[in-house]
Amino acid sequence: MTNPAKLGVYIHWPYCARICPYCDFNVFKARGGEEPAALARAIVADLAAQAALTGPRELISIFLGGGTPSLMDPAWAAEMVAAARRLWTPAPDLEVTLEANPTDAEAARFEAFAEAGVNRLSLGLQSLDDAALQFLGRNHDAATAVRAAEAAMRAFPRLSIDLIYARPHQTPGNWAQELGRALTLGAEHVSPYQLTIEAGTAFDRAVRRGQFTPPDAEAGAELFDTTQAVLEAAGFEAYEVSNHARGAAARSRHNLIYWQGHDYVGAGPGAHGRITVDGARQATYAAPRPADYVARVAATGLGFATRQTLDPREAAQERLLSGLRIAEGVPLAEVAALDLQPGKIADLVGLGLLADDSRRLRATPAGRLVLDRLTAELAT
């Protein structure tokens with residue numbers, strides 16, 4: 001008898017106390033009343049309906065993301081985690097991650113989330129510089145961020161921190177010092193993201209009005225190199241473009257679900273999923289507005305508004321785009337539907353963008369710097 005295939009569960013909690021100016025996620029201003037409680041109930045019902053579609057699976061990870069899921073009642077998180085554990089077979093080392101912001105109000109509830117089953121916190125520090133935090137529209141200062149990280153280390157066995165760099169006027173020296181301070185907080189996993197100006201965000205409008213200018217590509221590359229150097233010196237492995245872990249056990253099992261091409265259920269407003277049903281890989285997309293999502297679950301049992309079966313080429317393109325992000329790359333056999341020409345691969349190896357590997361496509365450090373270009377060359 002074969003073991004059931006691996007599965008991850010992503011739960012999207014869309015509410016935020018404040019909408020950050022760089023954010024283009026599916027988020028809404030936090031509100032009281034019945035809607036959040038109704039949403040929590042709908043997510044649990046949606047999970048049950050999707051479990052009937054997936055059949056038996058080994059549950060590797062549950063990720064409560066958003067939005068700001070640490071704003072929810074911890075009892076709701078406990079219900080969601082318990083439902084997922086009941087509906088699928090939990091792995092012995094099941095990872096349960098909660099995204100959180102470092103405000104004192106949220107940090108005070110870390111113990112309750114740990115009791116709800118969360119064993120890994122992803123803490124959105126973003127910076128340890130007060131001026132930078134103000135620029136980024138955050139509702140905490142650096143001292144609060146440090147207190148939150150200390151509270152997280154006491155409450156959870158695993159801690160990941162998010163940081164944003166490539167901010168206006170940021171120098172490699174200043175960034176190296178800030179990153180070094182962040183590493184003293186004890187996290188086993190660091191996700192440093194280059195600031196990206198996403199269309200439709202407040203930052204996009206500010207840049208178009210000339211209120212600030214983001215660093216150019218050359219400055220961004222220098223800051224990227226600084227990031228790699230500081231983290232490598234501190235014992236962190238760059239196992240993905242923007243994710244660094246202190247050893248293999250500290251890697252995000254949930255993110256590896258995505259990057260290694262496994263199935264994942266998406267529940268909550270705007271959540272995406274990838275599930276295999278009757279041998280076909282399907283993409284699911286949930287209704288983005290909370291009220292619409294709740295209504296859809298009430299009417300159909302399922303929260304996703306659309307479900308699309310991917311043809312072999314579409315599935316291979318997704319596998320390529322996600323697999324090239326990680327150091328291990330993607331097996332050539334898993335992207336055979338793209339009919340990649342050996343000459344094209346050889347050219348990219350010659351340019352130093354792909355490693356010389358007859359069995360896998362693996363981006364080199366230089367290839368990671370131009371990953372969009374690399375994947376476009378291969379996928380078209």
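How many aromatic pairs does a search of the whole structure find? The search finds 11 of them, and I should say at once that what we are looking at is a predicted model.

Let me begin with W13 and Y15, which form an aromatic pair of the edge-to-face kind, with 5.4 Å from centre to centre and 75° between the planes. Both residues of this pair, W13 and Y15, are buried. W13 also pairs with W76, and here the ring centres are 5.8 Å apart while the planes stand at 45°, so this pair is tilted. If you follow the chain, you will see that this second pair links distant parts of it, since W13 sits in strand β1, residues 6-13, and W76 sits in helix α2, residues 74-87, with the two positions 63 residues apart in the numbering. Are these two tryptophans buried or exposed? W13 has a relative accessibility of 2% and therefore counts as buried, whereas W76, at 21%, counts as partly exposed, because buried means under 20% relative accessible area. Elsewhere, ring pairs join Y22, F135, F203 and F212 into a cluster.

Next, please turn to helix α11, which covers residues 290-300 and whose buried residues are P290, Y293 and V297. Why do we say that these residues line one face of the helix? Looking down the axis of α11, we find its buried residues within an arc of 65°, and so they line one face. On the face turned away from that buried side, α11 carries the exposed residues A298 and A299. The buried residues of α11 pack against several elements, namely β2 (15-16), β3 (28-29), α1 (35-54), β11 (263-267) and β13 (280-286). After the helix comes G301, which has a positive phi, near 90°.

One of those packing partners, β13, brings us to a hairpin, which it forms with β12, with 2 residues between the strands. Strand β12, residues 272-277, runs antiparallel to β13, and 6 bridges join the two. To find your place in this pairing, you can look for G273, which stands opposite T284 in β13. In the turn itself, D278 has a positive phi of about 55°.

Now I would like to show you a pocket, the second largest one, which has a volume of about 240 Å³. Its lining is made up of 13 residues, and those nearest the centre of the pocket are D129, A132, R167, P168 and Q170. Which elements give two or more residues to the lining of this second largest pocket? They are α5, residues 130-135, and α7, residues 172-183, and it is α7 that provides the largest share, with 4 residues.

Finally, let us consider a single residue, R325, which lies in the loop between α12 (312-323) and β15 (330-331). R325 has a relative accessible area of 27%, and it is therefore partly exposed. Leaving aside neighbours within four places in sequence, R325 is in contact with Y239, E240, V241, S242, W259, R368 and L371. We met Y22 earlier as a member of the ring cluster, and R325 and Y22 are 303 residues apart in sequence and 22 Å apart in space, taken from C-alpha to C-alpha.

How values were computed. Residues are numbered from 1 along each chain as its sequence is written. This is a predicted model: local features need pLDDT of at least 70, side-chain atom pairs count only at pLDDT 80 or more; totals for chains, interfaces and linings use all residues. Side-chain values use heavy atoms; hydrogens and water are left out. Buried means under 20% relative accessible area, exposed over 50%, partly exposed in between (1.4 Å probe, protein chains only). The arc is that of the directions from the helix axis to the C-beta atoms. Contact means heavy atoms within 4.5 Å. Two strands pair if DSSP finds at least two bridges between them. Rings of Phe, Tyr and Trp (its six-membered ring) pair if their centres lie within 6.5 Å; planes under 30 degrees apart count as stacked, over 60 as edge-to-face and the rest as tilted. On a 1 Å grid over the protein atoms alone, a cavity is a set of points where a 1.4 Å probe fits but cannot get out, and a pocket is an open set with protein on both sides within 12 Å along at least five of seven lines; lining residues have an atom within 4 Å of a point. Grid points are joined across faces, edges and corners, and a volume is the space filled by probe spheres set on the points.
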